Amino acid sequence: MHSPPYDTLFRQSGSGSGVIPSRGGILVRRRIGIALGAGSAKGLAHLGVLQVLEENAVEISYIAGSSIGAVIGAAYAAEPDAKELALKTKALLHSEAFDAIGLEFLVKKDHPGPGLFRRITDFVRKRFLMSRAAMRPWLVEGEKIESVLRLILPDIEITQLKIPFACVALDLTTGRDVVFKSGSLIQAVRTSMSIPGVFPYMEIKKGILVDGGVTASVPVDAAREMGAEFVIGVDLLDKMSRDFNVKSGLEINFRADEIAKRRLNFLRAEKADLLVRPRMDTIHWADFSKPDFCIDRGREAALEAIPLLRAKLRKRRRLWPF
């Protein structure tokens with residue numbers, strides 16, 4: 001039996017069928033995918049984006065995620081209820097398991113006292129992190145990461161999710177993206193969020209896998225590979241700061257690497273049919289203390305994008321499903 005040419009894209013208000021009648025009375029199904037981008041704490045904005053899509057009756061047929069986008073995407077694919085997921089996420093952020101990760105130490109904060117004291121504190125913290133990173137391949141143990149993931153994700157296979165899902169990792173051996181579409185959900189998501197030097201890398205077969213956000217910050221290609229006809233990308237990358245002063249050869253190297261990575265990810269993100277870009281420049285990547293602010297930013301960006309989404313879909317299918 002052949003599958004229909006298009007999966008559901010929009011639900012009709014008050015109807016659970018998700019089938020849209022065209023002007024000629026012919027039933028049309030469409031496939032939409034969402035690519036949830038990397039960004040660590042900034043990724044809490046994904047919750048706001050998903051809420052707005054639900055409120056506007058947008059039916060997601062495929063979900064692809066990188067890093068934090070893989071976490072939020074997998075949880076939503078398991079139980080597609082954005083408001084409930086937001087509550088669950090906030091509870092997780094206040095859990096002992098999450099506190100045990102210790103990410104708050106990585107956040108650059110404003111310290112009380114004179115400028116000299118702040119500079120000394122930042123210097124000590126930076127040197128401590130650099131010395132730890134130089135002596136070991138990661139800062140946070142993998143068992144702590146899995147404990148947190150088990151609070152928000154079911155221990156099932158990816159193929160058992162309610163919405164088809166894929167997440168992306170980078171293989172440091174081959175330099176290629178690895179897309180997980182089957183296998184253990186928790187292991188796949190943990191691999192996709194393995195921030196180099198912070199969380200443990202994963203060894204699978206002959207590969208050394210790390211965070212997919214390195215080269216696929218918005219996994220548009222993965223969403224299309226799954227079968228999405230129209231892809232909404234959620235991009236959390238901020239504009240690069242121009243506040244750069246040459247202090248060492250190492251920092252020059254880091255800056256050049258950051259520029260190259262941003263250019264690559266910008267080009268890949270632009271493949272999306274619609275890009276939603278929450279304004280997250282004030283949120284540090286390791287600061288999970290402001291979930292409501294992040295969710296609101298996601299909602300604002302999604303609400304701004306809804307008219308353009310309607311126009312693009314109306315033009316493409318000559319339908320008005322709202």
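This briefing walks through the strands, nonpolar cores, salt bridges and one surface patch of the structure above. Please keep in mind that the model is predicted. A good place to start is strand β3 (residues 32-36), where five of five residues are buried. From there we move to the nonpolar cores, and then outward to charged pairs and a nonpolar patch on the surface.

**Strand β3 and its partners**

- Strand β3 is covered on both faces: I32, I34 and L36 are buried on one side, and G33 and A35 are buried on the other.
- Strand β9 (residues 230-234) pairs with β3 in the parallel sense, and five bridges connect the two.
- Within that pairing, V231 of β9 is the residue opposite G33.
- Strand β4 (residues 62-66) also pairs with β3 in the parallel sense, here over four bridges.
- If you would like a landmark for this second pairing, look at A35, whose bridge partner in β4 is A64.

**The β5-β6 hairpin**

- Strands β5 (residues 165-171) and β6 (residues 177-180) run antiparallel and are joined by four bridges.
- The two strands form a hairpin with five residues between them.
- G175 sits in the turn and has a positive phi of about 80 degrees.
- Across the hairpin, D177 in β6 stands opposite L170.

**Nonpolar cores**

- In soluble globular proteins, nonpolar side chains tend to be buried together.
- The largest nonpolar core here has 72 residues, and I34, F165 and V189 touch the most other members.
- Helix α2 (residues 68-78) gives this core its largest share, namely nine residues.
- A second core, separate from the largest one, has 15 residues, among them A216, V218, V220 and M226.
- Two of the well-connected members of the largest core also touch each other: V189 is in contact with F165.
- Beyond its neighbours within four places in sequence, V189 also contacts A70, V71, A74, L149, L153 and C167.

**Salt bridges**

- The count for the model comes to 15 salt bridges.
- R150 and D155 meet through their side chains in one of these, at 3.3 Å from N to O.
- With a relative accessible area of 56%, D155 is exposed, whereas R150 is partly exposed at 43%.
- This pair belongs to a network of salt bridges that links E146, R150, D155 and R190.
- Another salt bridge joins R277 to E270, with the closest N and O atoms 3.1 Å apart.
- R277 is partly exposed at 36% relative accessible area, and E270 is partly exposed at 39%.
- R279 and E304 form a further salt bridge, their closest N and O atoms being 3.3 Å apart.
- That pair links distant parts of the chain, with R279 in the loop between β10 (274-276) and α10 (291-317) and E304 in helix α10, 25 residues apart.
- At 45% relative accessibility, R279 counts as partly exposed.

**A nonpolar surface patch**

- L172, Y201 and I208 together make a nonpolar surface patch of about 250 Å².
- To find Y201, look in the loop between α7 (185-192) and β7 (202-204).
- Why does Y201 count as partly exposed? Its relative accessible area is 31%, and the partly exposed class lies between the buried limit of under 20% and the exposed limit of over 50%.
- Patch members need over 30% relative accessible area, so Y201, at 31%, meets that cut-off.

Key:
Residues numbered from 1 in each chain as written. Predicted model: local features only at pLDDT ≥ 70, side-chain atom pairs only at ≥ 80, totals over all residues. Heavy atoms only, no water. Patch = residues over 30% accessible without salt bridge, like charges linked within 9 Å, V, L, I, M, F, W, Y side chains within 5 Å. Areas by Shrake-Rupley, 256 points an atom, 1.4 Å probe, with all protein chains shown as cover. Salt bridge = Lys/Arg side-chain N within 4 Å of Asp/Glu carboxyl O. Buried < 20%, exposed > 50% of the residue type's maximum accessible area, 1.4 Å probe, protein only. Core = buried A, V, L, I, M, F, W, Y, C linked by side-chain atoms within 4.5 Å. Contact = heavy atoms within 4.5 Å. Pairing = 2+ DSSP bridges.
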